[in-house]
Structures are given as C-alpha cells and as structure tokens.
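Please open the structure in your viewer and keep the selection tool at hand. Follow the stops in order.

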Amino acid sequence: MWRSCLRLRDGGRRLLNRPAGGPCASMSPGPTIPSPARAYAPPTERKRFYQNVSITQGEGGFEINLDQRKLKTPQAKLFTVPSEALAIAVATEWDSQQDTIKYYTMHLTTLCNTSLDNPTQRNKDQLIRAAVKFLDTDTICYRVEEPETLVELQRNEWDPIIEWAEKSPFPFRYGVEINSSTSIMGPSIPAKTREVLVSHLASYNTWALQGIEFVAAQLKSLVLTLGLIDLHLTVEQAVLLSRLEEEYQIQKWGNIEWAHDYELQELRARTAAGTLFIHLCSESTTVKHKLLNE
C-alpha cells in the first residue's frame, strides 16, 4: 500500500484556490499563525454585519471597505495593501463569509495584519534570519534508518527536491550543498549555502518574507517552500511531501476517521494562502480596478 505514496509528485497540478480571511476597524485579528513570531489569536466567530465588500485606492495603497466602513488592523491602523491583486484577494475572503464570519479561515487577511502591525517589531534582516533558520530542521533533510520501505520512500521522493535546490538556477543561482542525515542532530549545512540563501531572500520585500516564513512554518521545510515559490511544486505536492512519514503510516495502519482529512485540508488551505500571499506581494503589475459586486 505504501507504494501509492511514491506517486505523490504526480498528484495535484494546480495551486488550491481556496478563499481565506481577517479583521475590521474595531475587530480582533484573524487566525493564529503557527510560528513563534506570531502574536495574534483568533477571536470567536461573529455574525456577519455587512452586506457589500469593495476596494478603493487611497494614498497609501488599496483599502478594503465593508459597506461604508474601512477595514482596520488589530492595532487600529488603516488596512492598506500595496497590490490591487492582493486587495481583491483579501476582499474575496470577506465577501465569501456567510452568515457567520469565521476569522480562522481568513489567512490572507491575517498575513496582511501581521505585515502592517508587525507585532514582534522585526526588521527585514530578522525576517531573513528567521526564514533561514528553518533550513536547520528542514523536514526533507531528516531521514530514517528503518523500515527499508520508508527509507526508500524518502529517498525516491525527497532526493529529487534536494537535487533541484542544489542545481536549479532558482533559488540559489549558484552551486550549493544541502545534506540529509539520519542523526538526531540533523544535517550539516555549509556556511556558503546559508550565505547564498540569505542573499537570495534579501531580494524579497518584508511582506513577502512574512509569507515565506509562514509557509515554511506550515511545511516545516524551507526547501519545499522555495519549490512552491518557483512553481516547481504544487501546493498538494508540497503538503504531501512534508507529511511523507505520516502518509506512510496512514497507508500502513489506516486513516483516523475525519481527523486526518481535516488536518490535511487545513494544511493545504494555509499553505495555498501563504504561497498566494508571497506571489501577490512580489507582483509589480496591477489588475483592473473593480468592485466585487460588479
């Protein structure tokens, strides 16, 4: 049964297009981002109090309007994003809420709130160091010694990703080395690899770096995150590769009814939202301005 996992790379072919969400003027923030750097906690659900969602362009960027009320961050700052495409995506999160506002589904809004409020007061260099730190505990660099079927599964699925990272022009642009290890101490990452990775991440703005750290925290892997950014992997592939051992155990011992499926879908949603956030924050072009109810 485990052999079906060997076909993980042939699974999904598209980024998940699942809407997510976040807070307004006097509201509490959206979902907690599972990283030590995140300070926001999800509020309770609230009845939807608005009818229409729209976007407008202000002096500082694009704003979200709930009826005639401007969206604000948890620290009461005007919710303003630099990209019109990102504004439309966030507005879609709010517009997709039904009778009840489920803040924990609004991942894009939460990421924007984190970028705007910066609750941990980190600068760009600190964000880069936080992202690079994931390389020390990267999921795909930790290998088992037994059983042989899982050893083979990790080798067949993870080795090609490491080879891509070492030889592909993206992200490192130079020859680097990423080792794997069966030791509890983890792999040895050469100093040159770190230097090149820091240089590469410096090309991203602080908003995109927030997204990179968020996705790496979901996947427990910076290498898989870079594969997503480059579109070398789909969300479905990256998530399954990050859960390779768990998927192996499920194939061997069976699935816990509803629990595993729920966890998988939630991880896909967070990873997809984070990946979309990175791309929209890195996108320099704008889309045509339009109201959601047109």
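The tour goes from model confidence to a helix residue and then to some salt bridges.

Start by colouring the chain by pLDDT. This is a predicted model, and the protein chain averages a pLDDT of 83, with 77% of the residues scoring at least 70. Select residues 1–39: pLDDT stays under 50 there, and the model has 135 contacts for this stretch beyond four places in sequence. Then select residues 284–294, where the pLDDT is also below 50 and the model has 19 contacts beyond near neighbours in sequence.

Next, select Thr271, which is found in helix H10 (residues 259–282). Is Thr271 buried or exposed? Its relative accessible area is 0%, so Thr271 is buried. Show its contacts outside the four nearest places in sequence: Val215, Gln218, Leu219, Leu228, Val235 and Val239. Now add Ala238, which is 33 residues from Thr271 along the chain; the two C-alpha atoms are separated by 8.8 Å.

Turn to the salt bridges, of which the count is 11.

- Select Glu63 and Lys70, whose side chains meet at 2.6 Å, N to O. Glu63 is buried at 8% relative accessibility, whereas Lys70 is partly exposed at 36%.
- Select Lys167 and Glu163, which form a salt bridge at 3.5 Å, N to O. They are four residues apart in helix H4 (residues 148–167), so about one helical turn separates them. Lys167 is exposed at 64%, and Glu163 is partly exposed at 42%.
- Select Glu246 and Arg243, joined by a salt bridge of 3.4 Å, N to O. Glu246 is partly exposed at 27%, while Arg243 is buried at 6%. Add Glu247 and Glu263 to see one network, in which salt bridges with shared partners join these residues to Arg243 and Glu246.

Methods
Residues are numbered from 1 along each chain as its sequence is written. This is a predicted model: local features need pLDDT of at least 70, side-chain atom pairs count only at pLDDT 80 or more; totals for chains, interfaces and linings use all residues. Side-chain values use heavy atoms; hydrogens and water are left out. pLDDT is the predictor's confidence in each residue, from 0 to 100. Contact means heavy atoms within 4.5 Å. Helices (H or I, at least four residues) and strands (E, at least two) are DSSP runs, numbered from the N terminus. Buried means under 20% relative accessible area, exposed over 50%, partly exposed in between (1.4 Å probe, protein chains only). A salt bridge is a side-chain nitrogen of Lys or Arg within 4 Å of a carboxyl oxygen of Asp or Glu.
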